[in-house]
Amino acid sequence: MRTCRAAAAGKFTVVLATLMLVAACGSSGPSPRAWAASVCSALTPWRAEISKLTNSTDQQMTAQTTPAQAKENLVRLFGGAEQASETARRKVEQAGVPEVEHGEEVSAGFRASLASMRDAYGRARTTIDGLGTGEASAFYDGVRDAVETLQQEYDASALDTSRLDSEELKRAFDEVPECR
């Protein structure tokens, strides 16, 4: 009887150890290289879209359009930037947490930065959408104020990397083709 219990306990220990090993493997995040590749794959189209929208906004601010046309275009542009920022944030979230020291902080920092940018674009869109177009100078003053506020909020949302210093991630971002 003792032998059966010992054998059962031994099998239980092996099964438990195997389950713990599988659980540990299953819960680990992506390697630094895989994470960097996923993040760059999310950020590259976002940067391109933001750049395109910024250029369009600059053109819109100097174009000879009516306030109503400018309003419609700017609301659409800032709505596009808001959506692009949310798409990038979701893709970074889907990338998971990199297997590096402070990986959760790094991932959360990227997501929070993109969420702040998304929200800044959303507030600019809402502000411009609320402007009246009857008086051109008042409209364009309101647009200028909204864009200045957007720029301040955008700058404030920049990712603070001072506490997120991972040599593994720096190397990965430098090496993976998706980040070049």
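Trainee: How many helices and strands does the chain have?

Mentor: In this predicted model, the chain has 6 helices and 0 strands. Read along the sequence, the pattern is α-α-α-α-α-α.

Trainee: What share of the contacts in the chain with a separation of 6 or more comes from residues 24 or more positions apart?

Mentor: Such pairs account for 80% of those contacts. As for burial, 32% of the 180 residues count as buried.

Trainee: Which residues touch the most other members of the largest nonpolar core?

Mentor: A nonpolar core is a set of buried residues joined through their side-chain atoms. Here the largest one holds 33 residues, and Leu-43, Trp-46 and Ile-128 touch the most other members. At least two residues of this core come from each of α2, α3, α4 (103–129) and α5. The largest share, 9 residues, is supplied by α3.

Trainee: Which residues does Leu-43 touch, not counting residues up to four places away in sequence?

Mentor: Leu-43 touches Ala-88, Val-92, Phe-110 and Leu-114 on that count. A further pair worth locating in the model is Leu-43 and Ala-84, which are 41 residues apart in sequence and 9.6 Å apart in space, C-alpha to C-alpha.

Trainee: Is Ala-84 buried or exposed?

Mentor: Buried means under 20% relative accessible area. Ala-84 has a relative accessible area of 14%, and therefore counts as buried. Ala-84 is found in helix α3. Leaving aside neighbours within four places in sequence, Ala-84 is in contact with Trp-46 and Glu-49.

Trainee: Why does Glu-86 count as buried?

Mentor: The same cut-off of 20% applies. Glu-86 counts as buried because its relative accessibility is 15%. Glu-86 lies in helix α3, which spans residues 67–94. The side chains of Glu-86 and Arg-89 are joined by a polar contact of 2.8 Å.

Trainee: How should one read the largest pocket, and which residues lie nearest its centre?

Mentor: One may take its space, then its lining, then the elements that supply the lining. About 220 Å³ of space lies in the largest pocket. Its lining consists of 14 residues, of which Thr-54, Phe-78, Tyr-121, Leu-150 and Gln-151 lie nearest the centre. Two or more lining residues are given by each of α2 (32–62), α3 and α5 (136–156). The most are given by α2, with 6 residues.

Trainee: How many residues of that lining are nonpolar, polar and charged?

Mentor: The lining of the largest pocket divides into 10 nonpolar, 3 polar and 1 charged.

Trainee: What is notable about the phi of His-102?

Mentor: As a general idea, most residues other than glycine have a negative phi. His-102 is not a glycine, although its phi is positive, at about 65°. His-102 has its place in the loop between α3 and α4. With a relative accessible area of 41%, His-102 is partly exposed.

Trainee: Where does Ser-157 lie, and is Ser-157 buried or exposed?

Mentor: Ser-157 lies in the loop between α5 and α6 (167–175). A relative accessible area of 7% falls under the cut-off of 20%, so Ser-157 is buried. Not counting residues up to four places away in sequence, Ser-157 touches Ser-113, Ser-116 and Met-117.

Methods:
Residues numbered from 1 in each chain as written. Predicted model: local features only at pLDDT ≥ 70, side-chain atom pairs only at ≥ 80, totals over all residues. Heavy atoms only, no water. Helix = DSSP H or I, 4+ residues; strand = E, 2+ residues; numbered from the N terminus. Buried < 20%, exposed > 50% of the residue type's maximum accessible area, 1.4 Å probe, protein only. Polar contact = N/O pair within 3.5 Å; in protein donor to acceptor, adjacent residues only side chain to side chain. 1 Å grid on protein atoms, 1.4 Å probe; cavity = no way out; pocket = protein on both sides within 12 Å on 5 of 7 lines; lining within 4 Å. Points joined across faces, edges and corners; volume = space filled by probe spheres on them. Nonpolar A, V, L, I, M, F, W, Y, C, P; charged D, E, K, R; others polar. Core = buried A, V, L, I, M, F, W, Y, C linked by side-chain atoms within 4.5 Å. Contact = heavy atoms within 4.5 Å.
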